[in-house]
Amino acid sequence: MKALGLDIGTTTISAAVLEREDGNVCKAKTIANQCFIETGNEWERVQDADRIMEKALAVAQEMTDTFEDIETIGLTGQMHGILYYDSEGVCVSPLYTWQDQRGNLKEDGRSLVEEIREVLGVDAATGYGLVTHLYNRRHGLVPEEAEGFCTIPDYLGMKLTGRKKPLVHISMAASTGLFDSQKLCYMEEAFEKMGIGDDVSMLPEVTGAFATIGTFRNIPVTCAIGDNQASFLGSAGLTPNAVLVNMGTGGQISILSDQYFTAPGIEARPLMPGRYLLAGSSLCGGRAYAILEKFFRSFAGEIGAGEDALYDVLGRLAQAGAQMEDPMIAVTTFSGTRTDPSLRGSISNISEDNFTPASLTYAVLDGMAQELYEMYETIHAGCGITAEHLTASGNGLRMNPQLQEIFRRKFHADLTMSRYQEEAACGAAVSSYIS
């Protein structure tokens, strides 16, 4: 009685096999993705979808060879990005990832993201699939043989089951943009307003259920769900008003709610009909700490002290910085925000006494948490949801006790780490057998 979850992340591909009765992990495996394609365009972030499939299918075969009693397979992976497929269900493009910046390129004084906001009154960030598609359509980049588009986890579902067209869960559909999360359907009228009305035919079929899309080795496979939703299921389950904070490549706060609520920087991401994850994302997130480590390592190299990773040193510095009465203040929007990509970070409240490596290290960690706390305050003010307990996930939090303590202090709440390290893969497995 086991379930397999597969997760195609931006940097890794993971799998987890769960015992369905007690939720214990029988086996987990993570391999490097390493499928980015160098295009020569700094703003372009694309991956080799065929190579990703080779790796993901090999992991699926290995897990199903190892465990003969796997009864269901669930899928998840990076949201927002898209690839194009032809009439035979074969990929005919690279994967345009969520990190792609073509939506922010200025043309005639405004970016495509800004145009969408002005024409439609809709916030759709660069990297969202339909922003990418609209740019590609205008610049002749859509392959002639393209019949439709979908996310990379949806494409994995097609390859596992032999489908020629995907069946896309509402969580994935919403992540590509121009999707009405209340009506749970694409905004087809928006296509007309943006001059691509004919492209409505390329939209995938959408479902609100964790529906079976076919079989792999006679094992039922369910449709892919968003990695945010999967991580939530794998970490916090379906506990009402549960709050999940994640710190990985980016940062994220997600709160389960039966209320639909949006605000600048806050999305209502559908999990299932009538249930939403109210989610806010910090673009830099855990990378802010990596940027700080790179800064110190660069200095160490300049003075001949070597260029080994300095995270152990930063941990000690953060502990010392926590004891300072008047520390520096860091704003860690080094990559901007979803609502304002032009924003940059800052360091302030610098004094003669606190201008130290310890104070700077602590300030960066505090700034990472502060971004998510401000999003929580917006949700709390709009919905009345109070964080009594936090579940934390992501290696940025799991490996950093000082950051965990900062979150406890800011939210005035208990915090526990997620039971699983491969939260998204485990959540995908859970989605394959819950109704």
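Q: Let's start small. In which sense do strand β5 (residues 46-47) and β8 pair, and over how many bridges?

A: Strands of a sheet pair through backbone hydrogen bonds, either parallel or antiparallel. Here, β5 and β8 take the antiparallel sense, over two bridges. Look for Gln 47, which stands opposite Leu 95 in β8. As for the vocabulary, helices (H or I, at least four residues) and strands (E, at least two) are DSSP runs, numbered from the N terminus, and two strands pair if DSSP finds at least two bridges between them. One caution: this is a predicted model, so local features need pLDDT of at least 70 and side-chain atom pairs count only at pLDDT 80 or more, while totals for chains, interfaces and linings use all residues. Residues are numbered from 1 along each chain as its sequence is written, and side-chain values use heavy atoms, with hydrogens and water left out.

Q: What is the order of the open sheet of three strands?

A: Its order is β4-β5-β8, and the pairing is antiparallel. At the edges you find β4 (36-37) and β8 (95-96), each with a single partner strand, so one side of each has no neighbour in the sheet.

Q: And in what order do the six strands of the other open sheet come?

A: Read them as β21-β22-β20-β19-β25-β26, with mixed pairing. The edge strands, β21 (267-272) and β26 (414-417), each pair on one side only. From one strand to the next, the twist averages 25 degrees. Zoom in on β19 (residues 243-247) and β25 (residues 389-393): they pair in the parallel sense over four bridges. There, Leu 244 stands opposite Thr 391 in β25.

Q: Which helix packs on the sheet, and which strands does it touch?

A: That is helix α10 (residues 357-383), which touches β19, β20 (251-257) and β22 (275-282), and its direction makes about 145 degrees with that of β22. For such angles, axes are lines fitted to C-alpha atoms, for helices over the stretch in contact, and angles run from 0 to 180 degrees between N-to-C directions. Contact itself means heavy atoms within 4.5 Å.

Q: How many residues has the largest nonpolar core?

A: In soluble globular proteins, nonpolar side chains tend to be buried together. This one has 45 residues, and those with the most contacts inside it are Ile 253, Phe 407 and Phe 411. Elements giving two or more residues to this core include β19, β20, β22, α8 (287-302) and α9 (311-321). The top contributor is α10, with 13 residues. Beyond its neighbours within four places in sequence, Ile 253 is in contact with residues including Val 243, Leu 278, Leu 372, Tyr 376 and Phe 411. A second, separate core has 36 residues, among them Ile 13, Ala 49, Ile 70 and Cys 223. A nonpolar core is a set of buried Ala, Val, Leu, Ile, Met, Phe, Trp, Tyr and Cys residues joined through side-chain atoms within 4.5 Å. Buried means under 20% relative accessible area, exposed over 50%, partly exposed in between (1.4 Å probe, protein chains only).

Q: How many residues of strand β6 (residues 70-77) are buried?

A: Seven of its eight, so β6 is largely enclosed by the rest of the structure. Strand β1 (residues 2-8) runs parallel to β6, joined to it by seven bridges, and Lys 2 has Ile 70 as its bridge partner in β6. Two bridges join β6 to strand β18 (residues 225-226), again running parallel.

Q: Which residues of helix α2 (residues 112-120) are buried?

A: They are Leu 112, Val 113, Glu 115, Ile 116 and Leu 120. They sit on the same side of α2, because they cover an arc of only 160 degrees around the axis. That arc is taken from the directions from the helix axis to the C-beta atoms. The buried residues pack against β10 (110-111), α3 (129-138) and α6 (188-193). Just after α2, Gly 121 takes a positive phi of about 70 degrees.

Q: How many aromatic pairs does the structure hold?

A: A pair of aromatic rings is described by the distance of the centres and the angle of the planes. Rings of Phe, Tyr and Trp (its six-membered ring) pair if their centres lie within 6.5 Å; planes under 30 degrees apart count as stacked, over 60 as edge-to-face and the rest as tilted. The structure holds 11 such pairs. Phe 179 and Tyr 186 are edge-to-face, 5.2 Å centre to centre with 90 degrees between the planes. Tyr 373 and Phe 411 form another edge-to-face pair, at 5.0 Å and 85 degrees. Tyr 373 lies in α10 and Phe 411 in α12, so their pair ties together parts 38 residues apart in sequence. Both Tyr 373 and Phe 411 are buried. Ring pairs also link Tyr 373, Tyr 376, Phe 407 and Phe 411 into a cluster.
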